[in-house]
Amino acid sequence: MSERERSGGFDLTRRSVLQTAGAAAVATSLGGCLSGGDDPAAESDIAEETAYGNCWMCHHACGQQLTVRDGTAVDITGVDEHPRGSAGPGTDGTLCPKGQSELEKLYDPDRITQPYIREDGDLREADWDEAFEYAARRLEEFDEEHGAETFLDATSWSTTNVHSYFWGNLYGTPERIGRGRHVCFGGPHLSGNLMGLGTNMRFVDYQHSDYIIAWGRNVFESFAGQWEPKGVLEALDDGATLVVVDPQHTPTAQKADHWLPIEPRTDGALALAMGHVIVEEELYDEAFVEEQTHGFDAYREAVDDKTPEWAEDVTGIDAGLIREIAIGFAEAAPAAGIAAWTGVGQYAESQKASQNIFALHGLVGNIDRPGGFRMWQGPPLQPNPFEERGIDLPTNAAEETPALRKYDEYDEYPFRHTTGIGHTVVPEMVDNGHIMGMVNHYDNPLTDGSTQAWLEAIEQMDLVITIDAYWNELTRNADIVFPEAIQLEKDTLIDYAPSWSAYEDRTWLTASRAVHEPMGECKSGYEIYRGLAEELGWGEYFPWEDEAEYSDDLLANVDYTFDEIADQNFVLLDEFEYEQWEDGGFPTATGKFQFDLDEEGGYAQSAEELGIDTAPEWIPPGTWGEEPDDEYPLHFYDTRSVFFSFGADQPLEHLQEQYARKHDLENTEYRGNYLVINPRDAEERGIETGDMVTVEARAGEADDEAMAYVSERTRPGFVTAEFGFGTGNSHEEGMNTMTVHDMQHDPVSSQVDRHLAAEVRKNGGD
Ligand code: SF4
């Protein structure tokens, strides 16, 4: 019996599902704008304290205000006027369902709260001294036998620079995978960077916008901090037009002036057709194009024959509507913006699709202008806090050539010119002996490449260390498990240069102190690395007593100390202007916004190897991804909801309940994800909501099963499942595309392809 069952949880062996009468799906999804937490002892006379936290249930760091009663955190809500959690001055701070569930996470009895080391094939509990000593010895042996350069550093969004200093600068591994670039938005990340928009500039200056296109972006469900949906709602109140490009009728699509139910993976065609109309109608910003861009002639040629009528055949969107949207967007510019991120970033042709979309920004000249595509600025943190202590930090990783660029075995991967390794190539690198061990921080890379291939790769590795709060397939198979405190148990300055926010012209910082003692034997990340460093003889590189002291050195260029920021949770810093390109140009090879990437050497090499253009171009679906056929007739996609980000939040009860409610279900027992299937496809297969189903794809049949949810929310011919499930967490069941994946990716950006061709069948008798 699991700890959850012992604690009055659920019977995991029997599945049942009750359909509720119209549970409010939209209300649930907009629960992001609610505050949370019950207050059962509100009438009591026990002294209460107010404390602050910062949410890391996703990496947007909304401020958290906590009520602590007698040492126990009993209530959690947002921080008013917080840059990420509110709509700005004079507005309430709120938390989304994930943020609301952080108290449950804090007190979750199933967290990892003890170090573990593997002995005689099994993990056993260890104390910290033993765990540090064992890890240091294994790391030294690994370096002697395989070389530290074959040790992979797998990071998450909650990974701080201290982690990178340890593994990169000190241990010396150049091999790194992380979230974002190859997991969520590989194409937009690469295209945005090369075209001059930066890698981190995803969001519209919503509050000043007259025309917002949410392109594959469900801003009312999968927001980037609470400020995002609030900014869109403010714009709508002020009369802005909202266009949603999305195959699914999401809560955002339900609020849109125009919903474009596009044929999946045809975003690039729609963007080219819009560009065709804007050029043909001479609605583009001639001065901006002339003075600030590179490659317009190639762009004009690329869109010349891409008429709305051509695009209607490809995208399924009416040509007249394409023309109307293109004209509306261009006429509203520069106060018009496109939010495109994960929705257009997770299939095999996503780099070129996002290049086609981002070209529209250059065309209408909305870049870094009010209401357009904002080039957000982060605070001026000290990039090298070691300087403040007179410490010369080694650069061991910088002296190594990553295997992807060093060995001929990887010549078939054009993305080696443009990015580091992607999740899908790691198992092959293990097979080749170029990766022999890894450290994983607070993530589960098995959700971002073929789960089976990753499991086999982990089996082959000589040393696997993980630092996490929850059990999953990786932590269960590790040699050493370090339990890291969660956000509410440690002092934290959010140090990853936060930028986009409700304050469109101010940089800002947010920080919080530990609200609660770490559970069990948990330590903060800083304490873990300092302990391990001391054991390895690197103690001199950890001179700071604690995170607060370390943060003060990061703040050397700012007029605030850690304590001063943590006292009020956030501070606003310097103002920054619009049109920042006026002075400094764009951070590209030509110093201009680039329609054509011909001057970007690495990209040009990749394009040549793939036989594609460096300019915008239509790359049809199936060029690198899969297409359905008679044997596997369904498109199978991963989707994301507001409730889950990665393995660390899927076990939480509050989120599971909200997830069921969103589907109009009262699901009291089944703990996994749903396979959403259209009624037509379900009927053909004899499937009803609540049936357990198995998915088959070319790479094989899923070992795990999912529960069918029959709904018009997915179109005929398409089935979807939630990202991240089915990977060994103690409460998860179910599967997603990674369970039956065959290592497909975008060859330019290495983004894992979360689309497959598949067949679904009802399981017998359950
Ligand atoms: S959007 Fe939600 S999960 Fe993300 S930081 Fe804010 S409250 Fe937390």
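The legends below accompany close-up views of a predicted model.

**View 1. The parallel sheet β11-β10-β9-β13 and the helix that crosses its strands.**
Four strands form an open sheet in the order β11-β10-β9-β13, and their pairing is parallel. At the edges are β11 (258–260) and β13 (336–340), each of which pairs on one side only, while neighbouring strands are turned against each other by 15 degrees on average, with direction ignored. Within the sheet, strand β9 (residues 211–215) and strand β10 (residues 241–245) run parallel and are joined by five bridges, and A214 has V244 of β10 as its bridge partner. Helix α14 (residues 319–332) lies across β9, β10, β11 and β13, and runs at about 130 degrees to β9.

**View 2. The cis peptide bond between A333 and P334.**
The peptide bond that joins A333 and P334 is cis, with omega at about 10 degrees. P334 belongs to the loop between α14 and β13, and can therefore be viewed together with the sheet of the preceding legend, in which β13 (336–340) is an edge strand. As background, most peptide bonds are trans.

**View 3. The packing of helix α10 against helix α12.**
Helix α10 (residues 267–280) packs with helix α12 (residues 296–303) at an angle of about 110 degrees, and the two axes are 9 Å apart. Because angles from 65 to 115 degrees count as roughly perpendicular, α10 and α12 are described as roughly perpendicular to each other. On the α10 side the contact is made by A271, L272, G275, H276 and V279, and on the α12 side by F296, Y299, R300 and V303. The residues of this contact divide into six nonpolar, two polar and one charged.

**View 4. The hairpin of β3 and β4.**
Strand β3 (residues 63–69) and strand β4 (residues 72–78) run antiparallel and are joined by six bridges, with Q64 standing opposite G78 in β4. Two residues lie between the strands of this hairpin, in which D70 takes a positive phi near 55 degrees. For residues 48–110, an unreviewed UniProt entry lists "domain: 4Fe-4S Mo/W bis-MGD-type". Over residues 48–110 the chain is 14% helix and 33% strand in the model, and the end C-alpha atoms are 27 Å apart.

**View 5. The positive phi of D120.**
Although D120 is not a glycine, its phi is positive, at about 50 degrees. D120 is placed in the loop between β5 (116–119) and β6 (122–125). Most residues other than glycine have a negative phi.

**View 6. The aromatic pair of F151 and Y171.**
The structure holds 40 aromatic pairs. In the pair of F151 and Y171 the ring centres are 5.5 Å apart and the ring planes stand at 80 degrees, so the pair is edge-to-face, a term used for planes over 60 degrees apart. F151 lies in strand β7 (residues 151–154) and Y171 in helix α6 (residues 161–171), so that the pair, whose members are 20 residues apart, links distant parts of the chain.

**View 7. The antiparallel sheet β17-β18-β19.**
Three strands form an open sheet in the order β17-β18-β19, with antiparallel pairing. The edges are occupied by β17 (492–493) and β19 (570–575), each with a single partner strand, so one side of each is left without a neighbour in the sheet. Between β17 and strand β18 (residues 506–512) the antiparallel pairing extends over two bridges, and T492 stands opposite S512 in β18.

Technical notes. Residues are numbered from 1 along each chain as its sequence is written. This is a predicted model: local features need pLDDT of at least 70, side-chain atom pairs count only at pLDDT 80 or more; totals for chains, interfaces and linings use all residues. Side-chain values use heavy atoms; hydrogens and water are left out. Axes are lines fitted to C-alpha atoms, for helices over the stretch in contact, and angles run from 0 to 180 degrees between N-to-C directions. Angles under 35 degrees count as roughly parallel, over 145 as roughly antiparallel, 65 to 115 as roughly perpendicular and the rest as oblique. Contact means heavy atoms within 4.5 Å. Ala, Val, Leu, Ile, Met, Phe, Trp, Tyr, Cys and Pro count as nonpolar, Asp, Glu, Lys and Arg as charged, and the others, Gly among them, as polar. Two strands pair if DSSP finds at least two bridges between them. UniProt positions are given in the numbering used here, feature names are shortened, and annotations may be inferred rather than shown by experiment. Rings of Phe, Tyr and Trp (its six-membered ring) pair if their centres lie within 6.5 Å; planes under 30 degrees apart count as stacked, over 60 as edge-to-face and the rest as tilted.
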